Amino acid sequence: MFLYTLTLQRATGIVCATYGNFTGGKMQEIVVARGKVLDLLRPDDNGKLQTLLSVEIFGAVRSLAQFRLTGSQKDYIVVGSDSGRIVILEYNKEKNLFEKVHQETFGKSGCRRIVPGQYLAVDPKGRAVMIGACEKQKLVYVLNRDNAARLTISSPLEAHKSHTIVYSITGVDCGFDNPIFAAIELDYSEADQDSTGQAANEAQKHLTFYELDLGLNHVVRKWTEPIDNGANMLVTVPGGGDGPSGVLVCAENFVIYKNQNQPDVRAVIPRRQDLPPHRGVLIVSAATHKLKALFFFLLQTEYGDVFKVTLDYEKDSDQVTELKIKYFDTIPVTSAMCVLKSGFLFAASEFGNHALYQFQSIGEDPEVESSSLTLVETEEGYQPIFFMPRKLKNLVQIDDVESLMPIMDMKVANLFEEETPQIFSLCGRGPRSSLRILRPGLAVTEMAVSQLPGVPSAVWTVKKHANDEFDAYIVVSFVNATLVLSIGETVEEVSNSGFLDTTPSLAISLLGDDSLMQVHPSGIRHIRADGRINEWKTPGKKTIVKVGFNWMQVAIALSGGELIYFEMDMSGQLMEIEKRDMTGDVACLDIAPVPEGRQRSRFLAVGSYDSTIRILSLDPDDCMQILSVQAVSSPPESLLLLEVQASTGGEDGADHPASVFLNAGLQNGVLLRTEVDMVTGQLSDTRTRFLGLRAPKLFSALVRGRRAMLCLSSRPWLGYIHQGHFLLTPLSYETLEYAASFSSDQCAEGVVAVARDALRVFTIERLGETFNQTVVPLRYTPRKFILHPKQKSLIILESDQGAFTTEERDTNKREVIEAACAHRNGRTEEDEEMADGENEDPLPDEQYGYPKAEPNKWASCIRVLDPKTSTTTCLLELQENEAAFSLCAVNFHDNKELGSLIAVGTAKDLQFMPKKEASGGFIHIYRLADEGKLELVHKTPVDGVPTALCQFQGRLLVGVGQVLRIYDLGKRKLLRKCENKNFPNTIIAIHTYGDRIYVGDIQESFHYVKYRRDENQLYTFADDSCPRWLTASLHIDFDTMAGADKFGNVYVMRLPQDVSEEIEDDPTGGKIKWEQGRLNGAPNKVEEIIQFHVGEVVTSLQRASLIPGGGESVLYGTIMGSVGALLPFSSREDVDFFSHLEMHLRQDNPPLCGCDHMAFRSAYFPVKDVIDGDLCEQYPTLTSELQRKIADDLDRTPGEILKKLEDIRNRII
């Protein structure tokens, strides 16, 4: 078995981010690392974040930094990864790609303790960069430029110190003096020698300054001083004339300003009023905003509160006199914050959606503030300062970037009876948890819907002049009339447009620069700019049935198959040029757009009912001569000739000459795409794709300033070029009949369409996305869920550690708010507002997080959700500090009348530190009543935490710690029937098939177990030879299991055929062998048949087909919020082709950040029988020479390779 793996949804979580002018213009961009993907983002004019570029780097990005050489116009990006190399990238705007400027090797690959890559610090003037490891090693590289103004990098200079742990490093701004780097370090050499633990308790963190002497070209430790042991982060303070220089040390409960030869300036971080006294406050992310005259810092705490930090200093001596910390706003906890010069704050959330905020003000109003001058020391330490969080005041959210991180559990099912199944995934953590329903397709924003007086047959939009920015009219055709709507502040009907409104229309368009054309069944109406109207009438009793046009040419087909071709002459008249009789009626027509700098387009495409498509020439020399013929599988319904602009990279990142594609929608629902040779008109490289049960109608639309194709079948599809790939993606919208592109001042790039008796205007959201999401918020962190087989509802377990239950939270919140109001004495305007908006929660949990409780306190609930209406039919909070961890649906064989029951495994008083223990576990049995309410049947205590449940032959299988048990249903509680205590650690997954049970152990992979009913005994007959930390499991067939481990590997294992048969045939079922055992385990070992390193922890595996009639693939969801698929190959020929393509790409296109692709995919175990589709899909982004070279080596053409890649992608989604 060979598998092809493809990432369907790239990782959505963000590990680190940096910002700068990477394109070299005035605009600032953001570079984010999502684990193994680098993205370049930019806010557009509407404040929506757009992805300019997204690159797989086949390695783990651990740190990012940007720097700019003095006097240069653009920034470079430094990447610290697990490759053991420092890589400097530059963004090439013309080709839309990251170019590797330098790659210097310094150590082994992998995330190791003493190999640098974890920390990056850059000298603010861009003269040097320091890359550090968690322990011991720090290297400094000097950056410069040569005579040709190219970036140069020196050999590394060592700043190592052994037996030292590093917590944070940063560059100190000291103007153009020698570059200085600051680091928080902890020396553990004494603690290592001392076995009593005394030295470890007394170990002290130090702040150390390292100076790079540019004259002598070496690094020295310049200054070191002990600091608070709670210090975790350093922030650079501007210097060199812009500020006092030095660093801010962020420690537990304090921010301290430190610099050489200056006294410490310390201020306490304000605390929330409801925070338990023993909990400290740590800063987790920081952003600096620097203008010419002022600078300030935004620091965010682990609870999400953002504080504005300012320094007062004497300008002449640079002596800092005061450090102020002022409450700014509260936003969800971030992993990185970026303040852009354009007044935006980008917040990359730790969990849940990321956000883009705009600054309303910079926090000048009076707020709770702590200052170094008002610091009060008491016997217990420094006196704390308290504040109450409030709604956003200085920031306003303008964009929300969807993030699935982390996916906790995932199921695929078609609960809505749509064409394709939906993916249900549990995402997020705490109050930002959600159930997300993913559908393949692009998200659509509906701008307007208006009812029409009848059922329309077609719609067009038209401008008054070719240079107009916006459309002037929307024209809607009915069976016996045409309705003209003018577009202005409002859309209203007009009668003076010159269009004939007593007849249906076949086409409406702009002709030349400023005249309009209406084609109706009995003729062509040409409306000149000055209001003159020319009419061309059809000869005899014939009517026009089909029409094809661009802004200079018109071709019409009359009933009976006669074609007539018209062209605009120099004076703006529409002249009849040529006629031709086709054999039989014409099914559809289209004329290619006029190429730039030309008078006319050369090609006319004609589709006939005899299932052929002909290309006719429109050149004066051979007008209406047939250039080529293509036979198709079914009569064509609609044709569209689409010109793809010549591009040398640019936004879509691919080199190709201008080319024309013929798209045909056939009556059997297939879209056919074929390339038209620009010179001869020959057709080549045909690709087909089934779109739906209705014949696709094709329309040209504008998306991001580029021509794209709308295909309206049983659902709408959009074909467009995105980062070098042609993508054909469904739109998540209802069935449409006819469409046209639409542009007005309210909606610059939209689509107007008709469906039944309504006119709809919509815009298409972010391009390049595979799925769009419907979000249902949840209360606590979701753990697991199942689909109820009968009622088609979802049953979700949610539990949070260290959290209060809802009742306790509501009580606390009320008390805190009352105390805060009483504290202020007299009501302010804000309180009045708050009192008026009583219904509105003043402190929504999604924004502020939950108040923290003791670590052994749990809040948990069981939710029954109806997915069709997204409503919760039952929400059951668990009492007495119980938390739910496992569930399954079970039918007990003796109790048929109870029907399908729900079993839930819970733990009481569970804690993980100092060791994992619980005061008890329970198995709850619930009945699901008709209204979707849960009724408790009974509750059975067990001696541990039930971590896995599964139905088995009308009974319940339970994994409690190391024990596997079979329970049956009793009147008062469950009854034990059988058990096996010989599992190594903790059972976390159980699957069954026939009388075989597949048990997943948390640390020891899978065990194959057989149940002998006659002896009532469970025994293990096979297990894995490799210990694996299991995170997800999937049963594939009688002998085969798929699993994923916590190091990011996916694997498939199979019991050898002969062993499997022997066990089935053996009357004892292998029991005698089991009693002997082998290697402290089972007598037989399973074989690994598939092995692949995904690079992110996989939390869920599912078997499903995402396209109608497609083959099944294995889908996986990861902690980072990505969704991928593993598709089995159906032919040996495909395996050979893709494995050779993968091999060539490994050699000719090595990963961007210096990792080795083969080594990355084999990070823990050698990759086995899996071909990496993410690497193969980088083929279209290569230069055309490299594409041809690889294609020649494979004895193919580049077009054939692209077709293969498109075909295999279309088999998955």
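User: Which residue in S84 stands opposite Arg 996?

Analyst: A quick heads-up: this is a predicted model. The strands S83 and S84 run antiparallel and are joined by 6 bridges. They form a hairpin with 3 residues between them. Look across from Arg 996 into S84 and you'll find Lys 1010.

User: How many residues of S83 are buried?

Analyst: Let's check one face at a time. On one side sit Arg 996, Tyr 998 and Gly 1000, and on the other Ile 997, Val 999 and Asp 1001, all of them buried. That alternation fits a general pattern: in a regular strand, side chains take turns between the two faces of the sheet. The strand is mostly covered, and its buried count is 6 of 6.

User: What is the bridge partner of Ile 990 in S83?

Analyst: Ile 990 takes us to strand S82 (residues 987-993), which is joined to S83 by 6 bridges, running antiparallel. S82 and S83 also form a hairpin with 2 residues between them, and Gly 994 in that turn has a positive phi of about 65 degrees. Across in S83, the partner of Ile 990 is Val 999.

User: Is Ile 1002 buried, partly exposed or exposed?

Analyst: Start with where it sits: in the loop between strand S83 (996-1001) and strand S84 (1005-1012). Ile 1002 also helps make a nonpolar surface patch of about 360 Å², together with Trp 1029, Phe 1047 and Tyr 1164. Buried needs under 20% relative accessible area and exposed needs over 50%. At 31%, Ile 1002 is therefore partly exposed.

User: Why is strand S49 described as largely enclosed by the rest of the structure?

Analyst: Take its two sides in turn. Gln 553, Ala 555 and Ala 557 point one way, Val 554, Ile 556 and Leu 558 point the other way, and all are buried. Strand S49 (residues 553-558) is largely enclosed because its buried residues number 6 of 6.

User: Which residue in S50 is the bridge partner of Val 554?

Analyst: S49 has pairings with S48 and S50. With strand S48 (residues 544-549) there are 5 bridges, antiparallel, and one of the partnerships there is Lys 546 with Ala 557. With strand S50 (residues 562-568) there are 5 bridges, again antiparallel. In S50, Val 554 is partnered by Phe 566.

User: Which residue in the turn between S49 and S50 has a positive phi?

Analyst: S48 and S49 are joined by a hairpin through 3 residues. S49 and S50 form a hairpin too, with 3 residues between them. In the turn of that S49-S50 hairpin, the residue with a positive phi, about 100 degrees, is Gly 560.

User: Which strands stand at the edges of the open sheet S40-S41-S42-S43?

Analyst: This sheet has 4 strands, paired antiparallel in that order. An edge strand has a single partner, so one of its sides is left without a neighbour in the sheet. That description fits strand S40 (458-462) and strand S43 (491-493).

User: What is the bridge partner of Leu 485 in S43?

Analyst: Strand S42 (residues 482-487) runs antiparallel to S43, and 3 bridges join them. Follow Leu 485 across to S43 and you land on Glu 493.

User: Which residue in S81 stands opposite Leu 969?

Analyst: Here we're in an open sheet of 4 strands, ordered S78-S79-S80-S81 with antiparallel pairing. Its edge strands are S78 (946-952) and S81 (974-980), each pairing on one side only. Strand S80 (residues 963-969) is joined to S81 by 6 bridges. Opposite Leu 969, in S81, stands Leu 974.

User: How many aromatic pairs are there?

Analyst: Rings count as a pair when their centres lie within 6.5 Å. By this rule the total is 29.

User: What kind of aromatic pair do Phe 295 and Phe 297 form?

Analyst: Both residues count as buried, with relative accessibility of 10% for Phe 295 and 0% for Phe 297. Planes over 60 degrees apart count as edge-to-face. The two rings are 5.8 Å apart centre to centre, with 70 degrees between the planes, making the pair edge-to-face.

User: How many residues apart are Trp 460 and Tyr 738?

Analyst: Their ring centres are 5.8 Å apart and their planes stand at 70 degrees, so this pair is edge-to-face. Trp 460 is buried at 7%, and Tyr 738 is buried at 19%. Trp 460 belongs to strand S40 and Tyr 738 to strand S66 (residues 738-742), distant parts of the chain with a separation of 278 residues.

Definitions and conventions: Residues numbered from 1 in each chain as written. Predicted model: local features only at pLDDT ≥ 70, side-chain atom pairs only at ≥ 80, totals over all residues. Heavy atoms only, no water. Pairing = 2+ DSSP bridges. Patch = residues over 30% accessible without salt bridge, like charges linked within 9 Å, V, L, I, M, F, W, Y side chains within 5 Å. Areas by Shrake-Rupley, 256 points an atom, 1.4 Å probe, with all protein chains shown as cover. Salt bridge = Lys/Arg side-chain N within 4 Å of Asp/Glu carboxyl O. Buried < 20%, exposed > 50% of the residue type's maximum accessible area, 1.4 Å probe, protein only. Phe/Tyr/Trp six-rings, centres within 6.5 Å; stacked < 30°, edge-to-face > 60°.
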